[in-house]
Amino acid sequence: MSDTLAPATLRRLERAARTAAKGSYSPYSKFRVGAAILTGSGKMFTGTNVENASYGLCNCAERTAIFAAVATGERVLRAVAVYTPTKTATTPCGACRQVINEFGPTARVISVCDGPDRIETTLDQLLPAAFGPKNLRVRPR
Ligand code: THU
């Protein structure tokens, strides 16, 4: 079950995701994505997509934010907000869903875009029957 988050907290995350997109390094796709995440301790981290001339090495905004958080010891993800420069909201890619699952199997996922459209869902809805730490009998806390 996803925990409840105050509407003000969600709005703060969404705003941070939009702002983070300004730092996007995306000279190849020119698709500037921003993400903001809320961790178990209540801290917020942001990230952008970081592309590479070797295309397969491109990193999504969501994973940039999550890796930054984990690198400081945060291991619980409560919410992920993603902004894409699109007319309709888009949800995180499959790779990002798998990475979110590692730290937030029931995390809230909020997608915002350049229009009024938005998607509010949870990771377990986006990645049902996920393979994760539990399948290796690991408690990743
Ligand atoms: N991208 C993200 O950063 N997050 C998403 O949710 C969708 C895709 C990035 C990866 C790549 O740099 C660009 O958008 C185009 O796929």
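1. A search of the whole structure, which is a predicted model, finds one cavity of 30 Å³ or more. The volume of the largest cavity is about 40 Å³.

2. The lining of the largest cavity consists of I37, T39, I66, A69, V70, E74, R75, V76, L77 and F103. Two elements, β1 (34-39) and α2 (61-71), each give two or more residues to this lining. The largest share, three residues, is supplied by α2.

3. By class, seven residues of the lining of the largest cavity are nonpolar, one is polar and two are charged. E74 and R75 are among the residues that line the largest cavity, and both count as charged.

4. The ligand occupies a separate topic in this note, namely the pockets. The ligand sits in the largest pocket, and the volume of that pocket is about 190 Å³.5. The lining of the largest pocket comprises 16 residues. Nearest the centre of the pocket lie F31, V33, N49, C60 and E62. By class, the lining divides into eight nonpolar, six polar and two charged residues.

6. Around the ligand are S29, F31, V33, N49, E51, C60, A61, E62 and P92. Five residues of this shell are nonpolar, two are polar and two are charged. The names F31, V33, N49, C60 and E62, given above for the centre of the largest pocket, appear again among the residues around the ligand.

7. Which residues place a polar atom close to an oxygen atom of the ligand, and at what distance? For N49, a polar side-chain atom lies 3.0 Å from a ligand oxygen atom. In the case of A61, the contact is made by a polar backbone atom, with an oxygen atom of the ligand 2.8 Å away. For E62, an N or O atom in the side chain is 2.6 Å from an oxygen atom of the ligand.

8. The cover given to the ligand may be stated in terms of area. Taken alone, the ligand exposes 370 Å², and 78% of that area is buried by the protein.

9. In summary, the ligand sits in the largest pocket, with N49 and E62 contributing side-chain atoms to the polar contacts described and A61 contributing a backbone atom. The largest cavity, of about 40 Å³, takes three of its lining residues from α2.

Technical notes
Residues numbered from 1 in each chain as written. Predicted model: local features only at pLDDT ≥ 70, side-chain atom pairs only at ≥ 80, totals over all residues. Heavy atoms only, no water. Near = heavy atom within 4 Å. Polar contact = N/O pair within 3.5 Å; in protein donor to acceptor, adjacent residues only side chain to side chain. Areas by Shrake-Rupley, 256 points an atom, 1.4 Å probe, with all protein chains shown as cover. 1 Å grid on protein atoms, 1.4 Å probe; cavity = no way out; pocket = protein on both sides within 12 Å on 5 of 7 lines; lining within 4 Å. Sits in = over half its atoms within 2 Å of the grid points. Points joined across faces, edges and corners; volume = space filled by probe spheres on them. Helix = DSSP H or I, 4+ residues; strand = E, 2+ residues; numbered from the N terminus.
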